[in-house]
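User: I've got a structure to go through and I'd like the labels explained. Can you set each value against its cut-off for me?

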Amino acid sequence: MAKPEQLLQIEPETELKFRGPFNVSVMSYMRLTNPTDKKILFKIKTTAPKKYCVRPNSGALDPKHTIEVAIALQPFVFDPNEKNKHKFMVQSLVAPEGDFDADRLWKEVTPEQLMDSKLKCVFEVPVDNNTVIDLSSSNINQTGNRLLLGGKTEAPVVKQETAQLNATEDKTFAKSTSGDIHADYARTVAEIQKLREEESQLRMENIELKEQILKLKLQSNTGSSGSHHQPAPQNPYAPQHIAANQQLSPMYIAAAIAIAILGLLLGKFAL
(Lines give C-alpha, C1' and ligand atoms only; values in the text may rest on other atoms or scores of the structure.)
Protein backbone atom coordinates (compact mmCIF):
# COMPACT_ATOMS: atom_id res chain seq x y z
CA MET A 1 0.00 0.00 0.00
CA ALA A 2 1.51 3.32 -1.11
CA LYS A 3 1.82 6.06 1.46
CA PRO A 4 -0.34 9.16 0.87
CA GLU A 5 1.36 12.33 -0.32
CA GLN A 6 2.03 15.13 2.12
CA LEU A 7 -0.80 17.68 2.12
CA LEU A 8 1.00 20.25 4.27
CA GLN A 9 3.24 22.83 2.69
CA ILE A 10 6.56 22.84 4.57
CA GLU A 11 9.11 25.65 4.48
CA PRO A 12 11.96 24.92 4.12
CA GLU A 13 11.25 21.78 2.16
CA THR A 14 14.39 19.68 2.62
CA GLU A 15 16.93 21.35 4.95
CA LEU A 16 16.94 23.01 8.35
CA LYS A 17 19.95 25.28 8.70
CA PHE A 18 21.63 26.09 12.01
CA ARG A 19 24.35 28.73 11.99
CA GLY A 20 27.01 28.67 14.73
CA PRO A 21 28.69 29.30 17.05
CA PHE A 22 27.25 26.24 18.77
CA ASN A 23 28.34 26.93 22.37
CA VAL A 24 24.99 28.72 22.75
CA SER A 25 21.47 27.75 21.75
CA VAL A 26 20.85 28.19 18.00
CA MET A 27 17.37 28.74 16.57
CA SER A 28 15.84 27.67 13.28
CA TYR A 29 12.24 27.92 12.12
CA MET A 30 9.83 25.77 10.12
CA ARG A 31 6.57 27.03 8.61
CA LEU A 32 3.62 24.65 8.11
CA THR A 33 0.67 25.65 5.92
CA ASN A 34 -2.60 23.77 5.43
CA PRO A 35 -3.84 24.58 1.89
CA THR A 36 -6.78 22.14 2.08
CA ASP A 37 -10.37 22.52 3.32
CA LYS A 38 -9.87 19.94 6.08
CA LYS A 39 -8.25 20.08 9.48
CA ILE A 40 -4.88 18.33 9.53
CA LEU A 41 -3.07 16.95 12.57
CA PHE A 42 0.72 17.15 12.60
CA LYS A 43 3.57 15.81 14.70
CA ILE A 44 7.30 16.63 14.45
CA LYS A 45 9.96 14.03 15.29
CA THR A 46 13.76 14.07 15.24
CA THR A 47 16.55 11.50 15.29
CA ALA A 48 18.25 13.46 18.15
CA PRO A 49 15.47 14.38 20.62
CA LYS A 50 17.92 15.26 23.42
CA LYS A 51 19.67 17.88 21.30
CA TYR A 52 16.63 19.82 20.11
CA CYS A 53 13.68 21.63 21.67
CA VAL A 54 10.67 21.94 19.34
CA ARG A 55 7.69 24.21 20.06
CA PRO A 56 5.05 23.22 19.17
CA ASN A 57 5.98 19.63 18.37
CA SER A 58 2.39 18.59 17.58
CA GLY A 59 -1.03 20.11 17.04
CA ALA A 60 -3.93 20.65 14.67
CA LEU A 61 -3.88 23.01 11.70
CA ASP A 62 -7.19 24.45 10.52
CA PRO A 63 -7.94 24.84 6.79
CA LYS A 64 -6.01 27.68 5.08
CA HIS A 65 -3.99 28.34 8.24
CA THR A 66 -0.24 28.57 8.84
CA ILE A 67 1.85 27.90 11.93
CA GLU A 68 5.49 28.63 12.66
CA VAL A 69 7.49 26.00 14.55
CA ALA A 70 10.54 27.11 16.55
CA ILE A 71 13.41 24.61 16.73
CA ALA A 72 16.23 25.25 19.24
CA LEU A 73 19.51 23.37 18.92
CA GLN A 74 20.96 22.94 22.43
CA PRO A 75 24.58 24.04 23.09
CA PHE A 76 27.21 21.37 22.41
CA VAL A 77 30.90 20.94 21.66
CA PHE A 78 31.09 21.17 17.89
CA ASP A 79 33.35 18.72 16.03
CA PRO A 80 33.76 19.72 12.35
CA ASN A 81 35.10 16.24 11.49
CA GLU A 82 31.97 14.49 12.75
CA LYS A 83 29.33 13.90 10.11
CA ASN A 84 25.98 15.38 10.94
CA LYS A 85 23.20 12.78 10.66
CA HIS A 86 20.45 14.73 12.44
CA LYS A 87 17.10 14.67 10.67
CA PHE A 88 13.54 15.84 11.27
CA MET A 89 10.32 14.23 10.10
CA VAL A 90 6.93 15.94 9.82
CA GLN A 91 4.06 13.45 10.12
CA SER A 92 0.48 14.44 9.37
CA LEU A 93 -2.98 12.98 8.90
CA VAL A 94 -6.42 14.33 8.07
CA ALA A 95 -8.52 14.81 11.20
CA PRO A 96 -11.83 12.91 11.29
CA GLU A 97 -15.14 14.73 11.35
CA GLY A 98 -16.72 15.55 14.71
CA ASP A 99 -15.14 15.11 18.11
CA PHE A 100 -12.07 12.91 18.47
CA ASP A 101 -9.21 12.15 20.86
CA ALA A 102 -5.96 13.21 19.18
CA ASP A 103 -3.70 11.13 21.45
CA ARG A 104 -5.74 8.00 20.87
CA LEU A 105 -5.88 8.70 17.14
CA TRP A 106 -2.07 8.91 16.89
CA LYS A 107 -1.73 5.61 18.77
CA GLU A 108 -4.22 3.74 16.58
CA VAL A 109 -3.13 5.05 13.18
CA THR A 110 -0.84 2.81 11.12
CA PRO A 111 2.38 4.09 9.48
CA GLU A 112 0.85 3.45 6.03
CA GLN A 113 -1.89 5.98 6.80
CA LEU A 114 0.52 8.77 7.75
CA MET A 115 1.85 11.47 5.46
CA ASP A 116 5.48 12.27 6.23
CA SER A 117 8.24 14.56 5.02
CA LYS A 118 11.90 14.42 6.02
CA LEU A 119 14.32 17.32 6.47
CA LYS A 120 18.03 17.05 7.18
CA CYS A 121 19.94 19.42 9.48
CA VAL A 122 22.75 21.57 8.12
CA PHE A 123 25.33 23.18 10.44
CA GLU A 124 26.99 26.35 9.17
CA VAL A 125 30.14 27.71 10.81
CA PRO A 126 30.67 31.47 10.35
CA VAL A 127 34.09 32.59 9.10
CA ASP A 128 33.35 36.34 8.84
CA ASN A 129 30.31 38.56 8.37
CA ASN A 130 29.67 37.42 4.80
CA THR A 131 31.15 33.92 4.64
CA VAL A 132 29.99 30.64 6.19
CA ILE A 133 31.14 27.04 5.86
CA ASP A 134 28.38 24.56 5.08
CA LEU A 135 29.09 21.38 7.05
CA SER A 136 26.27 19.22 5.77
CA SER A 137 27.18 15.64 4.93
CA SER A 138 26.54 16.27 1.23
CA ASN A 139 29.18 19.03 1.10
CA ILE A 140 31.91 17.23 3.09
CA ASN A 141 33.59 14.52 1.04
CA GLN A 142 36.98 13.14 0.19
CA THR A 143 37.78 15.83 -2.40
CA GLY A 144 37.48 18.72 0.10
CA ASN A 145 34.99 21.34 1.26
CA ARG A 146 33.32 24.22 -0.49
CA LEU A 147 32.67 27.75 0.78
CA LEU A 148 29.14 29.10 0.47
CA LEU A 149 29.51 32.82 -0.26
CA GLY A 150 26.25 34.75 -0.48
CA GLY A 151 24.39 31.50 -1.14
CA LYS A 152 26.56 30.61 -4.19
CA THR A 153 29.14 27.84 -4.42
CA GLU A 154 32.68 29.07 -4.96
CA ALA A 155 36.01 27.37 -5.56
CA PRO A 156 37.05 24.33 -3.47
CA VAL A 157 39.07 24.92 -0.33
CA VAL A 158 42.17 22.90 0.51
CA LYS A 159 41.57 20.29 3.19
CA GLN A 160 44.48 21.38 5.34
CA GLU A 161 43.38 25.04 5.50
CA THR A 162 39.83 24.03 6.33
CA ALA A 163 41.03 21.69 9.10
CA GLN A 164 43.19 24.44 10.62
CA LEU A 165 40.29 26.88 10.49
CA ASN A 166 37.93 24.40 12.11
CA ALA A 167 40.49 23.54 14.82
CA THR A 168 40.96 27.25 15.62
CA GLU A 169 37.21 27.79 15.89
CA ASP A 170 36.81 24.66 18.00
CA LYS A 171 39.44 25.94 20.46
CA THR A 172 37.71 29.33 20.56
CA PHE A 173 34.38 27.65 21.34
CA ALA A 174 36.02 25.52 24.07
CA LYS A 175 37.65 28.58 25.69
CA SER A 176 34.38 30.48 25.55
CA THR A 177 32.52 27.56 27.15
CA SER A 178 35.20 27.21 29.88
CA GLY A 179 35.08 30.95 30.57
CA ASP A 180 31.31 30.84 30.90
CA ILE A 181 31.54 27.94 33.38
CA HIS A 182 34.12 29.75 35.54
CA ALA A 183 32.07 32.95 35.46
CA ASP A 184 28.92 31.07 36.52
CA TYR A 185 30.85 29.35 39.33
CA ALA A 186 32.23 32.67 40.61
CA ARG A 187 28.77 34.24 40.58
CA THR A 188 27.33 31.26 42.45
CA VAL A 189 30.04 31.43 45.15
CA ALA A 190 29.47 35.18 45.57
CA GLU A 191 25.72 34.67 45.92
CA ILE A 192 26.22 31.93 48.55
CA GLN A 193 28.59 34.18 50.53
CA LYS A 194 26.08 37.02 50.37
CA LEU A 195 23.28 34.73 51.59
CA ARG A 196 25.41 33.57 54.52
CA GLU A 197 26.13 37.16 55.53
CA GLU A 198 22.44 38.02 55.34
CA GLU A 199 21.61 34.96 57.44
CA SER A 200 24.15 35.99 60.11
CA GLN A 201 22.76 39.52 60.18
CA LEU A 202 19.21 38.20 60.58
CA ARG A 203 20.33 36.00 63.51
CA MET A 204 21.87 39.03 65.27
CA GLU A 205 18.72 41.07 64.71
CA ASN A 206 16.62 38.20 66.09
CA ILE A 207 18.71 38.09 69.29
CA GLU A 208 18.43 41.87 69.73
CA LEU A 209 14.67 41.69 69.31
CA LYS A 210 14.43 38.96 71.97
CA GLU A 211 16.46 41.08 74.39
CA GLN A 212 14.22 44.08 73.79
CA ILE A 213 11.10 41.97 74.37
CA LEU A 214 12.58 40.68 77.64
CA LYS A 215 13.34 44.23 78.83
CA LEU A 216 9.80 45.33 77.99
CA LYS A 217 8.37 42.42 79.99
CA LEU A 218 10.55 43.31 82.99
CA GLN A 219 9.46 46.94 82.83
CA SER A 220 5.80 45.90 82.52
CA ASN A 221 6.02 43.61 85.57
CA THR A 222 7.75 46.31 87.64
CA GLY A 223 5.14 48.95 86.78
CA SER A 224 2.13 46.71 87.50
CA SER A 225 3.40 45.47 90.89
CA GLY A 226 3.28 48.93 92.56
CA SER A 227 4.21 48.73 96.24
CA HIS A 228 3.79 44.95 96.40
CA HIS A 229 6.93 42.96 96.16
CA GLN A 230 7.02 40.61 93.19
CA PRO A 231 9.69 37.99 92.70
CA ALA A 232 12.07 38.77 89.85
CA PRO A 233 11.22 36.83 86.73
CA GLN A 234 13.53 34.14 85.70
CA ASN A 235 15.90 35.11 82.89
CA PRO A 236 15.43 32.64 80.02
CA TYR A 237 18.98 33.36 78.84
CA ALA A 238 20.56 32.64 82.25
CA PRO A 239 22.79 29.55 82.58
CA GLN A 240 21.00 26.35 83.52
CA HIS A 241 22.59 26.00 87.00
CA ILE A 242 21.49 29.55 87.96
CA ALA A 243 17.96 28.92 86.76
CA ALA A 244 17.85 25.68 88.75
CA ASN A 245 18.97 27.49 91.92
CA GLN A 246 16.24 30.09 91.42
CA GLN A 247 13.66 27.34 91.16
CA LEU A 248 14.94 25.25 94.16
CA SER A 249 15.34 28.03 96.83
CA PRO A 250 11.61 27.94 97.93
CA MET A 251 11.93 24.17 98.32
CA TYR A 252 14.84 24.61 100.71
CA ILE A 253 12.78 27.03 102.84
CA ALA A 254 9.82 24.63 103.02
CA ALA A 255 12.10 21.76 104.01
CA ALA A 256 13.65 23.84 106.81
CA ILE A 257 10.21 24.73 108.21
CA ALA A 258 9.13 21.07 108.15
CA ILE A 259 12.29 20.01 110.03
CA ALA A 260 11.69 22.70 112.68
CA ILE A 261 8.09 21.56 113.29
CA LEU A 262 9.18 17.94 113.49
CA GLY A 263 11.80 18.89 116.07
CA LEU A 264 9.23 20.63 118.27
CA LEU A 265 6.90 17.65 118.16
CA LEU A 266 9.68 15.23 119.09
CA GLY A 267 10.67 17.54 121.98
CA LYS A 268 7.14 17.49 123.42
CA PHE A 269 6.92 13.71 123.29
CA ALA A 270 10.28 13.40 125.00
CA LEU A 271 9.08 15.54 127.92
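User: Why does Ile 253 count as exposed?

Analyst: One thing up front: this is a predicted model. Ile 253 has a relative accessibility of 53%, and exposed means over 50%, so Ile 253 gets that label.

User: Where is Ile 253 placed, and what makes the nonpolar surface patch there?

Analyst: Ile 253 lies in helix H3, residues 240-270. The patch is made by Ile 253, Ile 257, Ile 261 and Leu 265, and covers about 380 Å². Patch members need over 30% relative accessible area; Ile 253 at 53% clears that, so its accessibility fits the rule.

User: Now the charged pairs. How many salt bridges are there, and why is the contact of Lys 3 with Asp 116 called one?

Analyst: The structure holds seven. For Lys 3 and Asp 116, the closest N and O atoms are 3.3 Å apart. The limit is 4 Å from a side-chain nitrogen of Lys or Arg to a carboxyl oxygen of Asp or Glu, so this pair qualifies.

User: What makes this pair a link between distant parts of the chain?

Analyst: Lys 3 sits in the segment before S1, whereas Asp 116 belongs to strand S9 (residues 115-126), and 113 residues separate them.

User: Are Lys 3 and Asp 116 buried, exposed or partly exposed?

Analyst: Partly exposed means between the 20% and 50% limits. Lys 3 comes in at 39% relative accessibility, so it is partly exposed. Asp 116 is at 27%, so the label is again partly exposed.

User: How do you know that Lys 120 and Glu 15 meet in a salt bridge?

Analyst: Their N to O distance is 3.6 Å, and the cut-off is 4 Å, so the pair counts. This one also links distant parts of the chain: Lys 120 is in strand S9 and Glu 15 in strand S2 (residues 15-19), 105 residues apart. Lys 120 has a relative accessible area of 26% and Glu 15 has 24%. Each value falls between 20% and 50%, so Lys 120 and Glu 15 are partly exposed.

User: And Lys 17 with Glu 124: what makes that a salt bridge?

Analyst: The N to O distance there is 3.8 Å. That's within the 4 Å limit, so the label holds. Lys 17 is in strand S2 and Glu 124 in strand S9, with their positions 107 residues apart in the chain.

User: Which of the words buried or partly exposed goes with Lys 17, and which with Glu 124?

Analyst: Lys 17 is at 42% relative accessibility, inside the 20% to 50% range, so it is partly exposed. Glu 124 is at 11%, under the 20% limit, and therefore counts as buried. Over the whole chain, 24% of the 271 residues count as buried.

User: Let's turn to the strands. How do you know that S1 and S3 pair?

Analyst: Pairing takes at least two bridges, and S1 and strand S3 (residues 26-33) have three, so they pair, in the antiparallel sense. As one example of who faces whom, Glu 11 stands opposite Arg 31 in S3.

User: What is the order of the open sheet, and why are S1 and S5 called edge strands?

Analyst: The order of its four strands is S1-S3-S7-S5, with antiparallel pairing. Strand S1 (9-11) and strand S5 (52-55) each pair on one side only, which is what the edge label says. Direction ignored, neighbouring strands in this sheet are turned by 20° against each other on average.

Definitions and conventions: Residues numbered from 1 in each chain as written. Predicted model: local features only at pLDDT ≥ 70, side-chain atom pairs only at ≥ 80, totals over all residues. Heavy atoms only, no water. Buried < 20%, exposed > 50% of the residue type's maximum accessible area, 1.4 Å probe, protein only. Helix = DSSP H or I, 4+ residues; strand = E, 2+ residues; numbered from the N terminus. Axes fitted to C-alpha atoms, helices over the stretch in contact; angles between N-to-C directions. Patch = residues over 30% accessible without salt bridge, like charges linked within 9 Å, V, L, I, M, F, W, Y side chains within 5 Å. Areas by Shrake-Rupley, 256 points an atom, 1.4 Å probe, with all protein chains shown as cover.
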